[in-house]
Amino acid sequence: MAPLKRDPVLLGFGLLTVAVVLWFLAGPGDSRSSWLIQTGLDVSLVWFARRLMLLVTEPSARRFWRSMAITALCCAVGDGYQSFLVLRHPETTEVSIVQAGLVVFGMTVMVVTMLVHPLGAAGRQRLRLWLDAVTVLAGVAVFLWYFSIGARLGAGNVVDRLTAAAISAVMLVIVFGVLKLVLSDTAPFTMAAGIAGSIGTAGTAVGASVATVLTGASNPALMSVAQLIPCILVAFSLRLQELQTLRRDGAWTGGTRRRFSLMPYLAVIATQILLVAALVEVRPDVRIWGVTAGVVVITGLVLTRQLAAFHDNDRLLTDLDRSMLDLRSQKEWFSSLVQHASDVTLVVGADDTVTYASPAAIRVLGEDPSQALGAVLRQRVHPSDVPAFDAFAAFSDGSSAASVQVRLRHADGSYRWLDVVGADLRNHPSVRGVVYNARDITEARALQDKLRRQATHDSLTGLANRALLGEHLQRRGDARTGVLVIDLDGFKEINDGHGHHAGDHVLTTVADRLTALLHPGDLAARLGGDEFAVLPADPDRVDALTAQIVAALSTPVDLDGVLLRIGASVGVATGPAGDPDRLLRAADAAMYRTKQHRKAGV
């Protein structure tokens, strides 16, 4: 409000109001100066309306201010013509038909524009708006009747009566159009500017009559003041609207309004006050005053109760709007999280088909979420992981969440490792399915497998190491098991004579030859150095397997055309696998006995 108080144009209108009062009531003001001031005010209305038309961007608001500029231009031309007549003939008191025709035409343009302006409401809200407008209009009609029309109808000739009726009809239409805009959500002006303009518009028609009724005399100077001040107020309202539009960078298309309007209730209060004032003039008896007092009190109580209820409803609706806004923000926040989440969310219905897939499906499974709908999730699981997935699906049907790591087929045909967490929400009315949240762990699983292989396999030969061999033995429990321990003969001489690269070549060749002899379920391991072990699935094969190993390793190893001869000493031990160390020590001891026998034979 501070910038408005400092605006020179608004201050100028305030000073003009004071000057008009002093000029006509205490100075030499006459009809000539009245018409000249009126014409100047009309020109200012044209100027402000045109500026507002250029400021706004909404089409209906621009149309409103264009019509306002046309109306003001018609009034300016008509009042200018009347000023010319009064200056030439100061004794002229009648309004020319040219001035009246131009003013009526301009007001007609404005009335049509206001009546066709969009309301911006629908249904019961539109009905409420019309009821509010008609209520306020009825109150204005009562005041218009009391101060202007009724006084003329009670006395005077037929022409005066017809004139009063015509003024009444035009004013009621104008007031109704203004009220429709003030009460709507699409008014092309602010509430403050609209109210100021409405009061000024009504005052231009009834100001002189009201002044006459209130003072009881027809004073030309007072009537001039009563005519000019409302016109100044109209110009003031347009400048106020321009300033408020500039503060909003031209984006103004309507104000922020209450969910209910106070104007109908103010109209009721005003008519009640007018009723009491009218009764004072006729001096009714005590009975009438008693009834009047009861009506006024009851009306006040009903209005108070209604306004209290409206305020409560307004507060509740405000809280509801805030809650809906918070809910909308939460939904947008959740939608943003789901949209950009790296995990994919799948909902599987009662028929085991996918009913929902989050946007991450295109990153995890390589296909659009819409393409995943209707797919049977179990059919995408790697065959080796189906048993684990079935057990997981059965457990996730319970009340608690379950998790499993399985491979799911990607759109390119490959399989991706997924860490899946499932929860049964089939009883939830908004879900009605089992929810699976899956994270792609393919790279992590590959790294994990790599680290596990490094921990359980020999880096040179790729065979199992001593630790993995011990795990396999423990898995067999107390079952009868046979184990073979192999030590290479002549390996030290090859390693010392030809270098470590030759020794490594011999070790990898031995590993390949041992692997070639294995049956399904057998395991070959490197225990360290030039010592190997074989764990057959069938302990009855140890003797045949020993002969095969000795034969396979007796073949020379080709190293760049150089034949390197090696041999193998094999020790065999059988017994329960529950004590791996004891079994390996027994096989190792048997291997050394075999080596000693071979040396003794040589």
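Colleague: What makes the sheet with E1 to E5 an open one, and in what order do its strands come?

Modeller: Just keep in mind that this is a predicted model. The sheet has five strands in the order E2-E1-E5-E4-E3, with antiparallel pairing. Strand E2 (354-357) and E3 are the edge strands: each has a single partner, so one side of each has no neighbour in the sheet. From one strand to its neighbour, the turn averages 30 degrees, direction ignored.

Colleague: How do you know that E3 and E4 are paired?

Modeller: Two strands count as paired if there are at least two bridges between them. E3 and E4 have eight bridges, in the antiparallel sense, so they pass that test. One to look for joins Val-404 to its partner in E4, Val-420.

Colleague: What makes you say helix H15 has the span a helix should have?

Modeller: H15 covers residues 442-456, which is 15 residues. At 1.5 Å a residue, the expected span is 21 Å, and the distance from its first C-alpha to its last is 21 Å, so the two fit, given that the expected span is 1.5 Å times one less than the number of residues.

Colleague: Which residues of H15 are buried, and why do we say they line one face?

Modeller: Thr-442, Arg-445 and Thr-456 are buried. Looking down the axis of H15, the buried residues fall within an arc of 65 degrees, so they line one face of the helix. On the other side of H15 you'll find Glu-443, Lys-450, Gln-454 and Ala-455, which are exposed.

Colleague: What do the buried residues of H15 pack against?

Modeller: They pack against strand E3 (402-409), strand E4 (415-425), strand E5 (433-440) and helix H16 (466-475).

Colleague: Why is Ala-69 called buried?

Modeller: Buried means under 20% relative accessible area. Ala-69 has 14%, so it is buried. You'll find Ala-69 in helix H4 (residues 59-88).

Colleague: Which residues does Ala-69 contact, once its neighbours within four places in sequence are set aside?

Modeller: Ala-69 is in contact with Val-46, Ala-49 and Arg-50. Leu-52 is 17 residues away along the chain from Ala-69, and their C-alpha atoms are separated by 9.4 Å.

Colleague: What makes up the largest nonpolar core?

Modeller: It has 31 residues, and Trp-65, Met-68 and Leu-238 have the most contacts inside it. Helix H2 (8-25), helix H3 (31-55), H4, helix H5 (97-116) and helix H9 (220-247) each give two or more residues to this core. H9 gives the most, with nine residues. For a closer look, try Met-68: leaving out residues up to four places away in sequence, it touches Ala-49, Met-110, Val-234 and Leu-238. There's also a second, separate core, with 27 residues, including Val-510, Val-542, Leu-559 and Leu-564.

Colleague: How do you know that the span of H19 agrees with what is expected?

Modeller: Helix H19 (residues 542-554) has 13 residues, which should span 18 Å at 1.5 Å a residue, and its end C-alpha atoms are 18 Å apart, which agrees.

Colleague: Which residues of H19 are buried, and what puts them on the same side?

Modeller: Val-542, Leu-545, Thr-546, Ile-549, Ala-552 and Leu-553 are buried in H19. They cover an arc of only 135 degrees around the axis, which puts them on the same side of H19. The buried residues of H19 pack against strand E6 (480-489), helix H18 (500-517), strand E8 (531-535) and strand E11 (567-576).

Colleague: In the sheet of four strands, which strands are at the edges, and why?

Modeller: This open sheet has the order E7-E8-E6-E11, with antiparallel pairing. Strand E7 (523-528) and E11 stand at the edges, because each has a single partner strand, and one side of each is left without a neighbour in the sheet. The twist averages 25 degrees from one strand to the next.

Colleague: How do you know that E7 and E8 pair?

Modeller: Here again at least two bridges are needed. E7 and E8 have five, in the antiparallel sense, so they count as a pair. In one of them, Arg-526 has Phe-532 in E8 as its partner. H16 packs on this sheet too, touching E6, E7 and E8, and its direction makes about 135 degrees with that of E7.

Colleague: How many helices and strands does the chain have?

Modeller: It has 20 helices and eleven strands. Of the 602 residues in the chain, 39% are buried.

Technical notes: Residues are numbered from 1 along each chain as its sequence is written. This is a predicted model: local features need pLDDT of at least 70, side-chain atom pairs count only at pLDDT 80 or more; totals for chains, interfaces and linings use all residues. Side-chain values use heavy atoms; hydrogens and water are left out. Buried means under 20% relative accessible area, exposed over 50%, partly exposed in between (1.4 Å probe, protein chains only). The arc is that of the directions from the helix axis to the C-beta atoms. Contact means heavy atoms within 4.5 Å. A nonpolar core is a set of buried Ala, Val, Leu, Ile, Met, Phe, Trp, Tyr and Cys residues joined through side-chain atoms within 4.5 Å. Axes are lines fitted to C-alpha atoms, for helices over the stretch in contact, and angles run from 0 to 180 degrees between N-to-C directions.
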